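User: Hey, can you walk me through this model before I get back to the bench?

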Amino acid sequence: ASVNGTDSLPPIPAAPMSVRDSLFPNDTTDWSDLPREERRARNRRIAEADSVRREQRRLAREADCATSGTYTQYDRRYDGSVSVATTIPCDSTVLANSPALPPSIYDPGEELFGDAERDALLASLDFGLQAAWAPQAIDLEYGLNLQRYNRVEGLSLSAAAGQELGRGYSWRVQPRLGLADLEPGVEMTVARTNGRQLRELTAYRRLAVANDWGAPLSFGASLGAVLFGRDEGFYYRTLGAELTGRNIRGDGFRWRLFAERQDEAKRETNASLAHAMSDVRFIENIRADEGFYGGAGVRWTRSLGYDPLGWRMLLDGRAEAATGEFDYVRGAFDATVSHGLGERVSAALTGSAGYTGGRVPTQRLWYLGDQYTVRGQRPSPTAPGQVGDAYWLARAELAAEMTGMRPLVFGDLGWAGDRHDFSAPGVPLSGAGVGVSFLDGLVRFDLSRGINPKPRTRFDFYLEARF
């Protein structure tokens, strides 16, 4: 972005003659033709002269450091056609703390293209700034990212087809079939975007998740179900339509208007590697309060701070209101604060609370007990302190920073129950343990121990963890 040096260079001395050429000028003899003793004698002279030259350079460097605090290093590149002189501080900390260097890349104003420039560019976009109507070829999508496994559907197979139409419009159809329940599902979406915002109208028949944390229908959660017989989602079926909107970049507000039929989804399989080896069975699913529901939901997320050694904060607020078989409102807020403790240790603290009013269907209660809430406790659709129309949750982690990995210790407290008992919940759920995260949470392993109400040891493996 700028040049802050002079436009002239100090003189650079000519490249010194090599040690061999200085000792044996104009010698064109092929050394391989010389007697062995003569070659050895010449190599000894070269080594001695080279040692003397290194000592002379060392003494010259010490003299420069004593007078100016810097020394000059000379390099020749491209067969000697380009000479480079580099002035280097003798004290390396002077260079590290030089005022000529910019401050931390995480400080405000250090971006060449920062938040202000980005926001100005995005603000110039609207739905009128679109390419012409020009339907593209239909795109077929398939692969492991569309497949999943859970105790309701078993192995659930899916593929998708979509097409960009132009003027910001596109469509996508994704059918699905579970091999355990043989219940077909489909999502048919028409979308429009301006590069900044996305609007989608979707008609669907799908398996929905009652859990507010984690991603039970993801490929990562499916691995845990297949290997360990651990499917901790609570599911129900939906048939209806929705209109949604969100920012393309992910943060900020997203909203949803929906009208749908909600029905019970039963456990249809216990098949897993753990079941084959030791008869481990999946937990029971919830019994959804069936009926028609219509309503609206909104979610707001924000990430503050970039420096991994400084203060960072993740905020997540969500609210929903619906009417139909039951009338209810529900809302929750999560906040996670993290900070580096020196260069090798970091700490994170999460606080969360939620509340529901009105008559709440079973599928819209709060459920605690898994690796995303209180680790060491298995989720339950009926256990006291683990399900209710109100909840609070606290999680703490202390991690050591290493290249490519992050060993850590953690502890969790939480409660869910009747909203009238929010301020007097009794003894809360609790658990603690140790873990290790690789590649900033891409892969994580936890060994946790439940404390209350059930002291059991759990091993969890999951992908795309927050830490």
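What follows is a chat about cores, a helix, cavities and some odd backbone spots.

User: What kind of model is this, and how are residues numbered?
Analyst: This is a predicted model, where local features need pLDDT of at least 70, side-chain atom pairs count only at pLDDT 80 or more, and totals for chains, interfaces and linings use all residues. Residues are numbered from 1 along each chain as its sequence is written, and side-chain values use heavy atoms, with hydrogens and water left out.

User: How many residues has the largest nonpolar core?
Analyst: The largest nonpolar core has 17 residues, and Ala 210, Phe 234 and Tyr 367 have the most contacts inside it. Such a core is a set of buried Ala, Val, Leu, Ile, Met, Phe, Trp, Tyr and Cys residues joined through side-chain atoms within 4.5 Å. Buried is under 20% relative accessible area, exposed is over 50%, and partly exposed is in between (1.4 Å probe, protein chains only).

User: And what is Tyr 367 in contact with?
Analyst: Leaving aside neighbours within four places in sequence, the contacts of Tyr 367 include Ala 210, Trp 213, Phe 234, Ile 286 and Pro 381. Contact here means heavy atoms within 4.5 Å. Apart from the largest core lies another one, of nine residues, with Trp 213, Ala 332, Val 374 and Tyr 391 among them.

User: Switching topic: where is Arg 42, and is it buried or exposed?
Analyst: Arg 42 sits in helix H2, residues 36-68, and counts as buried because its relative accessibility is 12%. Setting aside neighbours within four places in sequence, Arg 42 is in contact with Phe 24, Asp 27, Trp 31 and Leu 34. Helices (H or I, at least four residues) and strands (E, at least two) are DSSP runs, numbered from the N terminus.

User: What span should H2 have?
Analyst: At 1.5 Å a residue, the 33 residues of H2 should span 48 Å, and the end C-alpha atoms are 48 Å apart, so that agrees. The expected span is 1.5 Å times one less than the number of residues. Just after H2, Gly 69 takes a positive phi of about 80°.

User: How many cavities of 30 Å³ or more are there?
Analyst: There are two cavities of 30 Å³ or more, and the largest cavity has a volume of about 250 Å³. On a 1 Å grid over the protein atoms alone, a cavity is a set of points where a 1.4 Å probe fits but cannot get out, and lining residues have an atom within 4 Å of a point. Points are joined across faces, edges and corners, and a volume is the space filled by probe spheres set on the points.

User: Which residues line the largest one?
Analyst: Of 23 lining residues, Ala 221, Arg 230, Glu 232, Gln 371 and Tyr 372 are the closest to the centre of the largest cavity. Helix H5 (219-228) supplies the largest share of that lining, six residues.

User: Any odd backbone spots?
Analyst: Most residues other than glycine have a negative phi, and most peptide bonds are trans. Here a cis peptide bond joins Asn 452 and Pro 453, with omega about 5°. Leu 182, not a glycine, has a positive phi of about 55°; Leu 182 lies in the loop between strands S7 (169-178) and S8 (184-193) and is exposed, with a relative accessible area of 59%.

User: And Asp 279?
Analyst: Asp 279 has a positive phi near 60°, and counts as partly exposed at 45% relative accessibility.

Notes:
1 Å grid on protein atoms, 1.4 Å probe; cavity = no way out; pocket = protein on both sides within 12 Å on 5 of 7 lines; lining within 4 Å.
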